[in-house]
Amino acid sequence: MNVGIDKINFFVPPYYVDMTDLAIARDVDPNKFLIGIGQEQMAVCPKSQDIVTFAANAAKQILTPEDLAAIEMVIVGTETSIDESKASAVVLHRLLGVQPFARSFEIKEACYGATAGLQLAKSHVLTHPNSKVLVIASDIAKYGLHSGGEPTQGAGAVAMLISRDPRILVLEDQNAMLTQDIYDFWRPIGHPHPTVNGPLSNATYIESFQKVWHYYQEKYQRSLADFDALAFHIPYTKMGKKALLSILESETESEQEKILKAYEESIIYSRKVGNLYTGSLYLGLISLLENATSLAAGNRIGLFSYGSGAVSEFFSGILVEGYDAFLQKEAHQQLLANRQKLSIAEYEAMFEDQLDINQSNTFEDDLPFSLVSVEETIRTYKQ
Ligand code: HMG
């Protein structure tokens, strides 16, 4: 039985900062951010939105009443959860109107969480073929004003509906996983922002990709020629490219050209929003599917998932006949084009205007799903 991604959609908050403006404000050559890091714009989140509103806004648009009746699990991959105990997936289950007899929970392992969710979803559908599973990656990536990680921030969610006979991507059974206990990026309980060893995180990402790629090749006797494109976790768009270049040297010119062209197509959206943490790989996949000029049904796409700490996985999927009819390209382009550009002063004010859940708060926001109020630490959402 084929199981995989039947529907996929992303949501990002309606504000962004231009990376040239940020570079000038930080007294940095803009080319460092535009070329060295590879980012043009960065999504910014107001305090009336959180990972639940991102997730609901991403999921609602793709779910039909039939989907809501068939979903047996709601899985949220996140590393910027809103509660240490209650899972955001439980709130989301109600906001979306999923049938009550379902499992709803969160998975945490830095940017890798949603990939664990995806694999679990696949296993569930294999043993319960009439069920569907909603997997959502939702995060707010914040390192702090003037911090080293500042140009690699971002925010947003990707929602994926997993089912049998999927209409977009069949997930294959070949996976290469890797766990290494490394402190390259972590966020101790109570800390608002992560601690990051930038150079170590870059090196671990590249080394992890090389390890899972070589292990996968050996285990399954596959080579780069078996792939039509690779999609990467994209903390910033130069990162995936550095990892990719590290394995291309021994490949033919035409293989290199094909894979590098696809890489450029996979980073078009990330260049405009920055790091979504758990959602970044899947935003890259959407960008690839919606912007590729030479992909076709039957093509194999490799996916590299990386979560600091560190867990990584290389896996693959096969494009389904007619997949492009189920993408949301126009809506995604509009979502990105209709965002409001913030000045650096506005961005800094929004960044510092943090939600204090110990205070009473009320909000007004135009989005279909947003926070309405916070009272006695309980969040109420507009539905
Ligand atoms: P930095 O010290 O600001 O930058 O840190 P740099 O000095 O390393 O320069 C960056 C690049 O810009 C270099 O290119 C420079 O040469 C180039 P490279 O050598 O790497 O190819 N450069 C220029 N290029 C053109 N014109 C110029 C110019 N000046 C310099 N004028 C760093 C950058 C990414 C480390 C920092 O922003 C950071 O710490 N970010 C957060 C950590 C991160 O994103 N790590 C990525 C891997 S870990 C990961 O992906 C997991 C993560 O998503 C979290 C999770 O799993 O939950 C982060």
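# A tour from the C-terminal sheet to the domain contact

Begin by selecting strands β15, β16 and β17, which form an open three-stranded sheet in that order with antiparallel pairing. Strands β15 (361-362) and β17 (378-382) stand at the edges, and since each has a single partner strand, one side of each is left without a neighbour in the sheet. Keep in mind while looking that this is a predicted model.

Within this sheet, highlight β16 (residues 370-375) together with β17: the two pair in the antiparallel sense over five bridges. To see the register, show L371, which stands opposite Y381 in β17.

Next, select β3, β2 and β14, which make up another open sheet of three strands, in the order β3-β2-β14 and with mixed pairing. Its edge strands are β3 (41-44) and β14 (340-342), each of which pairs on one side only. If you look across the strands, neighbouring ones are turned by 40 degrees against each other on average, when direction is ignored. Add helix α13 (residues 344-352) to the selection, and you will find that α13 packs on this sheet, touching β2, β3 and β14, while its direction makes about 90 degrees with that of β14. Then narrow the view to β2 (residues 15-18) and β3, which run antiparallel and are joined by four bridges; here D18 stands opposite Q41 in β3.

Now move to a pair of helices, α9 (residues 253-266) and α11 (residues 280-291), which pack at an angle of about 110 degrees with their axes 7 Å apart. An angle of 65 to 115 degrees counts as roughly perpendicular, and α9 is therefore roughly perpendicular to α11. Show side chains for A262, E265 and S266 on α9, and for G284, S287, L288 and N291 on α11, as these residues make the contact. Colouring by class will show two nonpolar, four polar and one charged residues in the contact of α9 with α11.

Two backbone details deserve a close-up. Which kind of peptide bond joins G309 and A310? The bond is cis, with omega about 5 degrees, and A310 is found in the loop between β12 (300-307) and β13 (311-319). The other detail is Q221, in the loop between α7 (198-220) and β11 (229-232), where phi is near 55 degrees, a positive value in a residue other than glycine. For context, most residues other than glycine have a negative phi, and most peptide bonds are trans.

Finally, zoom out and colour the chain by domain, taking domain 1 as 3-170 + 327-382 and domain 2 as 172-322. The C-alpha centres of domain 1 and domain 2 lie 19 Å apart, and the contact takes 60 residues from domain 1 and 49 residues from domain 2.

You may also colour by the UniProt record, an unreviewed entry, which places "domain: Hydroxymethylglutaryl-coenzyme A synthase N-terminal" at residues 2-164. Over residues 2-164 the chain is 34% helix and 31% strand, and the end C-alpha atoms are 6 Å apart. For "domain: Hydroxymethylglutaryl-coenzyme A synthase C-terminal", UniProt lists residues 175-257 and 262-363, again in an unreviewed entry. Select residues 175-257 to see a span that is 48% helix and 16% strand, with its end C-alpha atoms 25 Å apart; then select residues 262-363, where the span is 38% helix and 22% strand and the end C-alpha atoms lie 41 Å apart.

How values were computed:
Residues numbered from 1 in each chain as written. Predicted model: local features only at pLDDT ≥ 70, side-chain atom pairs only at ≥ 80, totals over all residues. Heavy atoms only, no water. Axes fitted to C-alpha atoms, helices over the stretch in contact; angles between N-to-C directions. Parallel < 35°, antiparallel > 145°, perpendicular 65-115°, else oblique. Contact = heavy atoms within 4.5 Å. Nonpolar A, V, L, I, M, F, W, Y, C, P; charged D, E, K, R; others polar. Pairing = 2+ DSSP bridges. UniProt positions renumbered as here; feature names shortened; annotations may be inferred. Domains from an automatic or database assignment.
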